[in-house]
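Dear colleague,

Please find below the structure that I am handing over to you. My account of what was found in it follows directly after.

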Amino acid sequence: MNQIDLRDLRFGEGAHLLVKRALAGIAVGEEIVVRGQAPDLEVHLEAWARSEGHRVRASGENSGLYLRRGAAESGRWHGAERAGDADPRKPEGVVEKPPRRWGLAARGATVEAGAPEFSFQLAEKSQVWAEESVRLYAQAVAAQWDPNTAIPWDAEFELPQEIEDTVVQLMTYLIENEAAALIVPSRFVAQLHPHFREVMQLLAIQAADEARHVEVFTRRALLKTDRLGLSTVGGQASLKTLVDEPDFAIASFLLSVMGEGTFLTLLRFLERPRAGARHASHDTIGSKRRGAARRFWSCTLEGIGKERSRIARQVGPVGAPPT
Ligand SMILES: [Fe+2]
């Protein structure tokens, strides 16, 4: 029979962990002998065994305590299920319809039966998953930058007042666009089943990127003034359709490809008259994001195909100047 000697180790000092480990080595219904010199060992062992579903059997003097392994612990995991696999490349890694009862469990974890159901609205692989999200998230993490050091904020420059005013107005326009760009991924990430971990991470880092863009444009606008420009009804109405868009793929497509494309055009316009900030952020904000976004969404364009006419209405004629 298996034996364990706790010597003078008390239950409050971790003796129960040693007992638990010893029990793990025997089958349900089998016994181990527990010995030890700690005061009240029998009382503490009995209380612990009761709470864990095991039983202590009376024994003779000095022959130790007989502990029988109960079925409660193994029974607890009856009905548990594996939540896919941590590796998204495995065939069953990312499942088509992860149950809402998997909740916040890490993909690949064993989930105890009876967990509460979460009301994730985006819970189907066909709605949200793209293989590219794995690589894009890693790329986004590696491309993080610090606005404080990436942009020479203290660089001397002087612009004609009307040019500076125009820059401030453009920055004001860009800030509200960036706010929309931050809200869209944030709104979807709150609805997304965490089973799609890499997409969740990608959306989160996109939101963080947009927060940084808001910071940079605000900081540039306020370099020479303490007052921002105008916010128009047309601009806000246009952005509202983006914020209100209920379809994940379409909202992200409009935001990442069309929106960022417009931004790149505007940033180039700003760069041309040497508008002062000499945006070191230009490449980071524009071309990299747009390129990444194009690659990402090329994976889902097929699915979007049927929505093409709707997208066309929202985007307007190809080649139309940004308004
Ligand atoms: Fe942005």
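A residue is counted as exposed if 12 or fewer other C-beta atoms lie within 10 Å of its own, and as buried if 20 or more do. By this criterion D40 is exposed, because 11 other C-beta atoms lie within 10 Å. Please note that the model is a predicted one.

D40 also merits attention for its backbone: its phi is positive, at about 60 degrees, although the residue is not a glycine. D40 is found in the loop between β2 and α2 (41–52). A second non-glycine residue with a positive phi is R7, for which the value is about 50 degrees. R7 belongs to the loop between β1 and α1. Is R7 buried or exposed? R7 is exposed, because it has 9 other C-beta atoms within 10 Å.

As to the protein as a whole, it contains 13 helices and six strands. Of its 323 residues, 26% are buried. Among contacts with a separation of 6 or more, 69% are between residues that are 24 or more positions apart.

The two loops described above bring us to the sheet. Four strands form an open sheet in the order β1-β2-β4-β3, and the pairing is mixed. Its edge strands are β1 and β3 (55–57), each of which pairs on one side only. From one strand to the next, the twist averages 30 degrees.

The parallel part of the pairing includes β1 (residues 2–5) and β2 (residues 31–35), which are joined by four bridges. Within this pair, Q3 is opposite V33 of β2. An antiparallel pair is formed by β3 and β4 (residues 65–68), with three bridges between them. There, R57 has Y66 in β4 as its bridge partner. In general, the strands of a sheet pair through backbone hydrogen bonds, in either a parallel or an antiparallel manner.

How is the connection from β1 to β2 arranged, and which hand does the unit have? Together with helix α1 (residues 15–24), the strands β1 and β2 make up a β-α-β unit that is right-handed. Helix α1 lies across β1, β2 and β4, and runs at about 170 degrees to β1. R7 thus falls within this unit's path, in the loop that leads from β1 to α1, whereas D40 is placed in the loop between β2 and α2.

Yours sincerely

Terms used:
Residues are numbered from 1 along each chain as its sequence is written. This is a predicted model: local features need pLDDT of at least 70, side-chain atom pairs count only at pLDDT 80 or more; totals for chains, interfaces and linings use all residues. Two strands pair if DSSP finds at least two bridges between them. A crossover is right-handed if, with the strands pointing away from the viewer, the path from the first strand over the helix to the second runs clockwise. Axes are lines fitted to C-alpha atoms, for helices over the stretch in contact, and angles run from 0 to 180 degrees between N-to-C directions. Two residues are in contact if their C-beta atoms, placed from the backbone, lie within 7 Å.
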